[in-house]
Amino acid sequence: MAAADTLDLRELGESLLRFLKPIINLHKTEIRTDAGDLTQSIGDTNEFGTVETRLSDLLKLSGCSAVFFLAVVFAGRVVLPRKLAHNIPSNIHAALASVLSVWVCLSCQGLKMREELRAALNGEDVDFIHGHSDVLYYAVAISNGYFLVDTLLMFLDNEATVAFLIHHIVGSITFSAAVILGVAEFFVVYLLTTELSTPFLNMSQLSKDGTAFNLFASALFALSFLLIRLAPVPLYLYLFYGTYGHLLKDHGSPIIAWCTICVCIPPVLNGIWSMVILEKVAAVVCGSTKKEKEQ
């Protein structure tokens with residue numbers, strides 16, 4: 001069984017590599033950064049190897065992440081209700097991904113997000129397309145493992161939906177491509193930071209409908225969703241538009257198309273989901289008000 005699993009993983013890696021090579025034509029390109037975050041702190045160089053090496057490393061890290069989340073889920077299901085056992089890894093992933101992303105925003109020397117954001121707001125020409133963060137590389141690996149386990153659980157429990165499958169699959173592929181190539185990592189940082197709203201969603205799902213706590217948790221989730229996932233969208237798109245020239249200058253059509261699609265689709269999806277969320281929150285509030293009047 002172990003040999004078969006290893007073979008499947010190797011075949012998956014080879015398939016992804018065959019898919020990436022003709023599209024990006026960067027299979028012999030070395031990825032460099034101005035500063036190497038974790039690797040610099042332990043005395044390593046600022047070279048991160050070829051695409052093949054980075055893909056192989058990311059697959060290994062993602063596999064370790066998947067094993068960890070599987071262990072958390074099945075340990076939780078032994079002693080906890082199924083829904084609660086599934087929410088625990090969701091909260092762990094949200095905490096790890098968002099905290100690491102916030103750290104990248106505040107302290108990463110490879111992307112220098114604070115300095116470049118300040119320069120962009122002052123009207124200067126800033127390149128948000130290039131740059132690399134080793135910490136973000138680990139955050140993406142953690143997310144890949146969680147997405148894989150969550151997808152497996154959705155199928156096991158007959159809860160799979162098209163929206164979540166697209167979210168998990170497309171998210172894994174696009175985030176992985178970004179950190180492997182060192183392209184558009186700035187925007188990946190923001191997208192992972194939006195996981196800060198997930199714990200509030202889990203709180204509302206675990207609480208009993210109609211209770212004061214459910215109303216409170218639903219309101220917190222709606223507020224966090226609006227503040228984290230919707231309010232920054234105009235700035236997010238403005239920064240992408242402002243740095244588009246660097247994308248056109250340094251990359252071919254496949255990368256330009258991929259980057260544009262991956263950057264622009266999440267805000268659209270969040271806009272659609274926000275309407276659904278507001279409808280649900282309104283239903284909860286109206287339902288609670290109606291019960292109070294009847295009492």
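These are my notebook entries on salt bridges, aromatic pairs, one helix and a surface patch in a predicted model.

**Entry 1: salt bridges**

I started with the charged side chains, and the count came to three salt bridges. Which residues do they link into a network? I found Arg-77, Arg-82, Asp-157 and Glu-159 in it.

I took Asp-157 and Arg-77 to begin with, whose side chains meet at 3.6 Å, N to O. Asp-157 sits in the loop between α6 and α7 (162-181) while Arg-77 belongs to helix α3, so this bridge ties together parts 80 residues apart in sequence. I then asked myself whether Asp-157 is buried or exposed. Its relative accessible area is 18%, and the cut-off for buried is under 20%, so I wrote it down as buried. Arg-77, at 30%, is partly exposed.

Next I looked at Arg-82, which also forms a salt bridge with Asp-157, with the closest N and O atoms 3.6 Å apart. Arg-82 is in helix α4, so here the parts tied together are 75 residues apart in sequence. I noted Arg-82 as partly exposed, with a relative accessible area of 38%.

Arg-82 has a bridge to Glu-159 as well, and there the closest N and O atoms are 2.9 Å apart. Glu-159 lies in the loop between α6 and α7, so its bridge to helix α4 spans 77 residues of sequence. Glu-159 is partly exposed too, at 39% relative accessibility.

**Entry 2: aromatic rings**

I turned to the rings and got a count of 11 aromatic pairs. I picked out Phe-128 and Phe-186, a tilted pair with 4.2 Å between centres and 45 degrees between the planes. Where do the two rings sit along the chain? Phe-128 is in the loop between α5 (113-121) and α6 (134-156), and Phe-186 is in helix α8 (residues 185-193), so far along that 58 residues separate them. I recorded both Phe-128 and Phe-186 as buried.

Another pair I looked up was Tyr-137 with Tyr-138, which is edge-to-face: the centres are 6.2 Å apart and the planes make 85 degrees. Tyr-137 is buried at 5% relative accessibility, whereas Tyr-138 is partly exposed at 34%.

I also wanted to know which residues share a cluster with Phe-128 and Phe-186. They are Phe-187, Tyr-190, Tyr-236, Phe-240 and Tyr-244, together forming one aromatic cluster.

**Entry 3: helix α9**

Which residues of helix α9 (residues 198-206) are buried? I listed Thr-198, Asn-202 and Ser-204. They cover an arc of only 160 degrees around the axis, which means that they lie on the same side of α9. As a reminder to myself, an α-helix has 3.6 residues a turn, so residues three or four places apart point the same way. I then checked what these buried residues pack against, and noted α4 (82-107) and α10 (212-230).

**Entry 4: a nonpolar patch**

Last, I looked at the surface and found a nonpolar patch made of Val-78, Val-79, Leu-80, Leu-84, Ile-88 and Leu-206. Together they have about 490 Å² of accessible area. Which helices each supply at least two of its residues? I noted α3 (51-79) and α4. Val-78 is found in α3, and its relative accessible area is 69%. The cut-off for exposed is over 50%, so Val-78 counts as exposed.

Conventions
Residues are numbered from 1 along each chain as its sequence is written. This is a predicted model: local features need pLDDT of at least 70, side-chain atom pairs count only at pLDDT 80 or more; totals for chains, interfaces and linings use all residues. Side-chain values use heavy atoms; hydrogens and water are left out. Rings of Phe, Tyr and Trp (its six-membered ring) pair if their centres lie within 6.5 Å; planes under 30 degrees apart count as stacked, over 60 as edge-to-face and the rest as tilted. Helices (H or I, at least four residues) and strands (E, at least two) are DSSP runs, numbered from the N terminus. Buried means under 20% relative accessible area, exposed over 50%, partly exposed in between (1.4 Å probe, protein chains only). The arc is that of the directions from the helix axis to the C-beta atoms. Contact means heavy atoms within 4.5 Å. Patches are made of residues with over 30% relative accessible area and no salt bridge: like charges are joined within 9 Å, nonpolar side chains (Val, Leu, Ile, Met, Phe, Trp, Tyr) within 5 Å. Accessible areas come from the Shrake-Rupley method with a 1.4 Å probe; for residues, only the protein chains shown count as cover. A salt bridge is a side-chain nitrogen of Lys or Arg within 4 Å of a carboxyl oxygen of Asp or Glu.
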